[in-house]
Amino acid sequence: MLLSVPKSSYRTRFILNGFSVFKALLVASLLTISSQAWSASAFFDETFGNLQEELAAAKEQNKKGIFVFFHMDECPFCHRMRETIMTEPDVIELFKGQFLTFEVDIEGSNDMVDFDGTKGTAQELSEKKYRVRATPVMIVFDLTGKPILKYTGPTRTKEEFKLLAQYVVDGSYLTQSFTAYKRQQK
């Protein structure tokens, strides 16, 4: 219908140009939104909340362990990490290559089974077992379900976040603190 209007009209050209600009912006926005949504969800693996089963899967896939990101919806630091650092392709590749990666809402009411078979809601396990009092908290568990790294708060940079993974992968967690390891890497 818009194409049947004479092109000589200034107003018509504006509408056509406006429509084209609007259409281009709409397409660009949709591509951006779908790209961000894909990237943000690409970092985490799907789970039904049974960490015993996830541990078996991590062993089968020759992973180094399981990375769990404890968060809550109202946490701006969690949101920032999810929307920036955890969307970077090299970060996703590093973590997904070494760990199964899950997120746990510390206010969640979904049922979970912990590594040792303990049952409870996400909130109960977060508070009582892992003593998560602030968010984000990142814990890496070894292949026996033992926590080997607990980091509270957001990392400042992508590089610092990647160091967390490298600290576990190269076994430095066995001999030194993450703070000392980070200092050595500078």
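## Group meeting: a walk through the predicted model

Let me start with a pairing between two strands: β5, which covers residues 137-141, and β6 run antiparallel to each other, and their pairing extends over five bridges. Before I go further, please keep in mind that what you have in front of you is a predicted model. Two positions will help you to find this pair on the screen, since Phe 141 stands opposite Pro 147 in β6, and Met 138 has Tyr 151 of β6 as its bridge partner. The hairpin that these two strands make has five residues between the strands, and Gly 145 in this hairpin takes a positive phi near 90 degrees.

If we now step back to the sheet, we find four strands in the order β2-β1-β5-β6, forming an open sheet with mixed pairing. As a reminder, strands of a sheet pair through backbone hydrogen bonds, either parallel or antiparallel. The edges here are β2, residues 99-105, and β6, residues 147-152, each of which pairs on one side only. On average, and with direction ignored, neighbouring strands of the sheet are turned by 15 degrees against each other. Helix α4, residues 89-98, lies across β1, residues 65-71, and β2, and the helix runs at about 105 degrees to β2.

For orientation in the whole chain, there are seven helices and six strands, and from the N terminus on they follow one another as α-α-β-α-α-β-β-β-α-β-β-α-α. Of the 186 residues in the chain, 41% are buried. If we take the contacts between residues at least 6 apart in sequence, 61% of them join residues at least 24 apart.

Let me turn to two residues in strand β1. What surrounds Ile 66, once its neighbours within four places in sequence are left aside? Ile 66 is found in β1, and its contacts include Glu 54, Leu 55 and Ala 58, then Phe 99, Leu 100, Phe 102 and Phe 115, and also Ile 139, Val 140 and Phe 141. Its relative accessible area is 0%, and Ile 66 is therefore counted as buried. The C-alpha atoms of Ile 66 and Pro 147 are separated by 9.2 Å, although the two residues are 81 residues apart along the chain.

The other residue is His 71, which also has its place in strand β1. Is His 71 buried or exposed? With a relative accessible area of 9%, His 71 falls under the 20% cut-off, and so it is buried. Leaving aside the neighbours within four places in sequence, His 71 is in contact with Cys 78, with Glu 103, Val 104, Asp 105 and Ile 106, and with Thr 135.

Thr 135 brings me to the backbone, because I would like you to look at a few places there with one general point in mind. Most residues other than glycine have a negative phi, and most peptide bonds are trans. Thr 135 and Pro 136, however, are joined by a cis peptide bond, with omega at about 0 degrees, and Pro 136 lies in the loop between α5, residues 122-129, and β5. In the loop between α5 and β5 we also find Arg 131, whose phi is positive, near 50 degrees, in a residue other than glycine. Arg 131 has a relative accessibility of 54% and therefore counts as exposed. Asn 62, in the loop between α2, residues 51-60, and β1, likewise has a positive phi, near 55 degrees, and at 68% relative accessibility Asn 62 counts as exposed.

I will finish with a pair of helices. How do α6 and α7 pack? Helix α6, residues 158-169, and helix α7, residues 178-185, meet at an angle of about 115 degrees, with their axes 11 Å apart, and the two helices are therefore roughly perpendicular to each other. The crossing in which α6 passes α7 is right-handed. On the α6 side, the residues that meet α7 are Glu 160, Leu 163, Leu 164, Gln 166 and Tyr 167, and on the α7 side they are Phe 178, Tyr 181, Lys 182 and Gln 185. By class, this contact has five nonpolar, two polar and two charged residues.

Terms used
Residues are numbered from 1 along each chain as its sequence is written. This is a predicted model: local features need pLDDT of at least 70, side-chain atom pairs count only at pLDDT 80 or more; totals for chains, interfaces and linings use all residues. Side-chain values use heavy atoms; hydrogens and water are left out. Axes are lines fitted to C-alpha atoms, for helices over the stretch in contact, and angles run from 0 to 180 degrees between N-to-C directions. Angles under 35 degrees count as roughly parallel, over 145 as roughly antiparallel, 65 to 115 as roughly perpendicular and the rest as oblique. A crossing is left-handed if the near helix is turned anticlockwise from the far one by less than a right angle, and right-handed if clockwise. Contact means heavy atoms within 4.5 Å. Ala, Val, Leu, Ile, Met, Phe, Trp, Tyr, Cys and Pro count as nonpolar, Asp, Glu, Lys and Arg as charged, and the others, Gly among them, as polar. Two strands pair if DSSP finds at least two bridges between them. Buried means under 20% relative accessible area, exposed over 50%, partly exposed in between (1.4 Å probe, protein chains only).
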